[in-house]
Amino acid sequence: MLLVSGVTVVAAYAKAAMSATHATPRAAVATRIGCHLRSRRDNVDMPGVSQALVEFANHHRQPASPGIEVIDTARYRVTLQPDFPIPGPNSVSWVRCRADDAEEVIREARAIIAPHHLAVNWILDPDTQPADFADHLARHGVELEDEVAVMVLPIESVIENPDVAGLQMHDALADPHAFSAADDVNSEAFGESLRSGDALERRRKNQLAAGNRRLLLATVDGEPAGSAGLTLFPPQGAIINGGAVRPKFRGRGVYRALLAARLEIARDAGAAGLAVWGGDMSGPILAGLGFQTVGWRRFYLDETAL
């Protein structure tokens, strides 16, 4: 057992060599997020955000890792996770091309994705070139699905850990049952179909092999209540992946406890802070806990390969 920010974690992580992997942000379906104001801030202390952490949050590109294929070109990047077949983890991003090359970029990327039969998100950022690339996507039937805020929290911040009766934190990578339970939490929270079988176990083993992935399963009185991921890139930062709480357990402090635990894990790893893409549900909560918005991403759903 391991004490993490006042919460008992069952089955501590095995010590593994750090390696890079890809973050898997989730976009809430058909929603847009506007300006996140830090109302109801609950931090004890909110130090200033370093420019290095802002740069990490906005410009870090995770290299390929087990189970994650990255195809880098001079004009765009395609990321594919066949064992995690939802848009977001499967994406086209970092589009940097001339205006007269935009149509060719769309055709090229779609040709790469087509054999995999995966839906993808085109993820556009403030530096996307050409600036009107979204108009080119629209001409191919690809429309805006969501907008999220790029948010950061310095490692020196303090998140008060709530007292949640019956709460325990588990290492969800420790065994297939815990991993499946954590994945089921995400599926329920985000309205997705439950996943099972060999692909799920391959994902768990790939995350273990990457070495820098962490996944927590929160239970309340033994029942799965929430799950939360983290990818460590010390010293630059740590990326929050896919935090979720089942509807019946919301409003009790489970989400905050998962966030406090991940902040402590990142601090122990020597990371400079947390970075996250805050969506319609999580963004206001994160802002209330002291996260600052430093950028944005827009998601455009492309299902042609299906």
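A nonpolar core is a set of buried Ala, Val, Leu, Ile, Met, Phe, Trp, Tyr and Cys residues joined through side-chain atoms within 4.5 Å. The exercises below concern a predicted model.

**Exercise 1.** Describe the largest nonpolar core and state which element gives the largest share of it.

*Solution.* Step 1: this core holds 36 residues, and the members that touch the most others are Leu230, Leu259, Ala266, Leu274 and Phe291. Step 2: among the elements that give two or more residues to the core are the strands β8 (144–154) and β13 (273–278), as well as the helices α6 (254–269) and α7 (282–288). Step 3: helix α6 supplies the largest share, 10 residues.

**Exercise 2.** Identify the residues that Leu259 touches, leaving out those up to four places away in sequence.

*Solution.* The partners of Leu259 are Ile159, Ile240, Leu274, Leu286, Leu289 and Phe291. A second core, separate from the one above, has 20 residues, including Val95, Leu118, Trp122 and Val142.

**Exercise 3.** Locate His177 and decide whether this residue is buried or exposed.

*Solution.* Step 1: His177 lies in helix α4 (residues 176–189). Step 2: the relative accessible area of His177 is 66%. Step 3: exposed means over 50%, so His177 is exposed.

**Exercise 4.** Determine where pLDDT falls below 50 and how those parts should be read.

*Solution.* Step 1: for the protein chain the mean pLDDT is 87, and 85% of the residues reach 70 or more. Step 2: pLDDT stays under 50 over residues 1–7 and is below 50 over residues 11–46. Step 3: where pLDDT is low, the predicted coordinates should not be read in detail.

Note on methods. Residues numbered from 1 in each chain as written. Predicted model: local features only at pLDDT ≥ 70, side-chain atom pairs only at ≥ 80, totals over all residues. Heavy atoms only, no water. Buried < 20%, exposed > 50% of the residue type's maximum accessible area, 1.4 Å probe, protein only. Helix = DSSP H or I, 4+ residues; strand = E, 2+ residues; numbered from the N terminus. Contact = heavy atoms within 4.5 Å. pLDDT = per-residue confidence, 0-100.
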